[in-house]
Amino acid sequence: MNFSDERNFSRWFIIISSLIIVCLILWNTSLFFERLKQDERSKMHIWGSAFSELLKEKPESDITLITTILEENTTTPMIVYTIKEDVYATRNIPNEDNYSQQDLQEMAADFAGEYDPIDINVKSELISIVYYGNSPLITKLKYYPVGLLLIVVLFIGVIYFFYTTSKSSEQNKLWAGMAKETAHQIGTPLSSLVGWTEILSQENVNEEYLKEIKKDVDRLEMITERFSKIGSAPTLEKADIVEETKNSYDYLKLRSSKLIEFSLELPTNSIPVNLNKQLYSWTIENLVKNAIDAMRGKGKLLIQLKEEPKWVCILISDTGKGIPKSKFHKIFEPGFTTKKRGWGLGLSLTKRIIEDYHEGKIRVFKSELEKGTTFQIRLRKK
């Protein structure tokens with residue numbers, strides 16, 4: 001069993017153990033509640049018997065004992081219906097003067113749904129019917145399991161929040177460390193490339209070659225800057241999203257396979273947004289490269305920019321293999337990848353750049369298997 005399996009086993013063991021404990025507590029609470037209700041029934045049957053005896057002719061000593069039994073019950077709400085007089089009387093019910101006979105009749109029906117009424121017979125003749133409900137203690141205990149469940153749910157929620165935030169913090173530290181180390185490792189050979197470019201510029205080398213080499217060196221410098229910014233809040237500045245999208249498009253089209261048919265649809269007017277140009281370019285590059293991989297190096301790729309009253313939408317569409325609807329959200333999770341050689345960090349970093357740094361939104365807009373996928377980025381206009 002590896003570390004990941006042990007961690008999953010421990011997690012499920014804690015969850016299942018917690019559920020078992022909760023179930024045992026609820027089961028015991030249910031037994032306790034039923035025992036109290038049974039005691040309530042027994043107490044009321046004794047009260048009913050005493051009340052029945054009170055209506056009979058008894059010696060003074062017996063009446064005193066019976067009266068004591070009747071008066072000791074000060075908690076159970078009761079409604080006594082006298083058949084001959086057709087009158088409902090109350091006992092242990094607050095504000096009894098505020099209830100009409102119709103109200104008491106309805107309350108008696110509610111009590112009958114909770115407990116079976118007690119018949120009061122004298123010499124085999126039904127004289128009265130006693131309806132009774134739960135005492136205040138039992139009424140409060142009825143809500144105890146609900147309160148317990150809410151506490152358990154809150155406790156589980158706190159644990160889950162702590163787990164996810166600590167896990168996210170660990171991932172963020174890992175990404176930041178890897179990114180800064182990558183930037184550091186690229187820095188040394190990049191400095192040499194800059195030097196060699198200066199040397200070649202003094203030789204008899206085709207200017208077009210030098211121009212393209214210079215572009216790639218600049219690109220490497222930008223990539224290094226991108227990685228160095230991971231783990232720290234980037235600087236956003238007002239920029240034209242139309243121009244920045246076109247710059248990324250031109251760079252990627254020039255360096256991609258000729259089997260990819262690129263298309264670009266942009267509005268003619270400029271659209272200002274708060275943007276970090278390097279990170280936005282990285283986002284477009286990640287999405288375009290994913291699209292090219294999904295098309296297996298051959299197909300059509302369309303980048304569109306649409307303006308809304310408060311937002312600007314960037315749509316990147318391909319004719320690749322598509323994404324199942326069940327994985328629309330999962331593909332943005334760190335470590336998720338469908339490639340044999342991949343770390344599964346590209347789309348998760350893209351989501352972080354758009355949503356955390358730029359306070360925008362990114363999602364799979366639509367996708368059909370074997371027909372293609374469209375990603376949507378939404379950024380707030382300046």
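Two strands count as paired if DSSP finds at least two bridges between them. The exercises below apply this to a predicted model.

**Exercise 1. Lay out the four-stranded open sheet: what is its strand order, and which strands stand at the edges?**

Step 1. Collect the pairings of β4. Strand β1 (residues 78–82) is joined to β4 by five bridges, and the two run antiparallel. Strand β3 (residues 118–122) is also joined by five bridges to β4 (residues 125–132), again antiparallel.

Step 2. Check the register with individual residues. Met-78 has Tyr-132 as its bridge partner in β4. For Ile-120, the bridge partner in β4 is Ser-128.

Step 3. Write the order. The open sheet reads β2-β1-β4-β3, with antiparallel pairing. The edges are β2 and β3: each has a single partner strand, so one side of each lacks a neighbour in the sheet. On average, neighbouring strands of this sheet are turned by 25 degrees against each other, direction ignored.

**Exercise 2. Describe β3: which residues form its covered face, and which residue of the hairpin with β4 takes a positive phi?**

Step 1. Recall the general pattern. Side chains in a regular strand alternate between the two faces of the sheet.

Step 2. Assign the residues of β3. Ile-118, Ile-120 and Val-122 make up the covered face, while Asp-119 and Asn-121 make up the uncovered one.

Step 3. Look at the turn. Two residues lie between the strands in the hairpin of β3 and β4, and Lys-123 there takes a positive phi near 55 degrees.

**Exercise 3. Place Tyr-88 and decide: is Tyr-88 buried or exposed?**

Step 1. Locate the residue. Tyr-88 belongs to strand β2 (residues 87–91).

Step 2. Apply the cut-off. Buried means under 20% relative accessible area. Tyr-88 has a relative accessibility of 13% and therefore counts as buried.

Step 3. List what surrounds the residue. Apart from neighbours within four places in sequence, Tyr-88 contacts Ile-79, Val-80, Tyr-81, Gln-101, Leu-104, Gln-105 and Ala-108. The C-alpha atoms of Tyr-88 and Ala-108 are 8.9 Å apart, with their positions 20 residues apart along the chain.

Step 4. Relate the contacts to the elements. Helix α3 (residues 101–114) lies across β1, β2 and β4, and runs at about 65 degrees to β2.

**Exercise 4. Treat Gln-376 in the same manner: in which strand does Gln-376 lie, and what does Gln-376 contact?**

Step 1. Gln-376 is part of strand β11 (residues 372–380).

Step 2. With 8% relative accessibility, Gln-376 counts as buried.

Step 3. Beyond neighbours within four places in sequence, the contacts of Gln-376 are Cys-313, Ile-314, Leu-315, Lys-361, Ile-362, Arg-363 and Phe-365.

**Exercise 5. Turn to the surface: which residues make the nonpolar patch of about 830 Å²?**

Step 1. The patch consists of Trp-12, Ile-15, Ile-16, Leu-19, Ile-20, Leu-24, Trp-27 and Leu-31.

Step 2. Take Ile-15 as one of these residues. Ile-15 lies in helix α1 (residues 3–54), and its relative accessibility of 37% makes it partly exposed.

**Exercise 6. Summarise the whole protein: how many helices and strands are there, and what share of the residues is buried?**

Step 1. The secondary structure amounts to nine helices and eleven strands.

Step 2. Of the 382 residues, 34% count as buried.

Step 3. The accessible surface is about 24300 Å², and carbon and sulfur atoms contribute 57% of this area.

Step 4. Among contacts with a separation of 6 or more, 67% are between residues 24 or more positions apart.

Methods. Residues numbered from 1 in each chain as written. Predicted model: local features only at pLDDT ≥ 70, side-chain atom pairs only at ≥ 80, totals over all residues. Heavy atoms only, no water. Patch = residues over 30% accessible without salt bridge, like charges linked within 9 Å, V, L, I, M, F, W, Y side chains within 5 Å. Areas by Shrake-Rupley, 256 points an atom, 1.4 Å probe, with all protein chains shown as cover. Salt bridge = Lys/Arg side-chain N within 4 Å of Asp/Glu carboxyl O. Buried < 20%, exposed > 50% of the residue type's maximum accessible area, 1.4 Å probe, protein only. Contact = heavy atoms within 4.5 Å. Axes fitted to C-alpha atoms, helices over the stretch in contact; angles between N-to-C directions.
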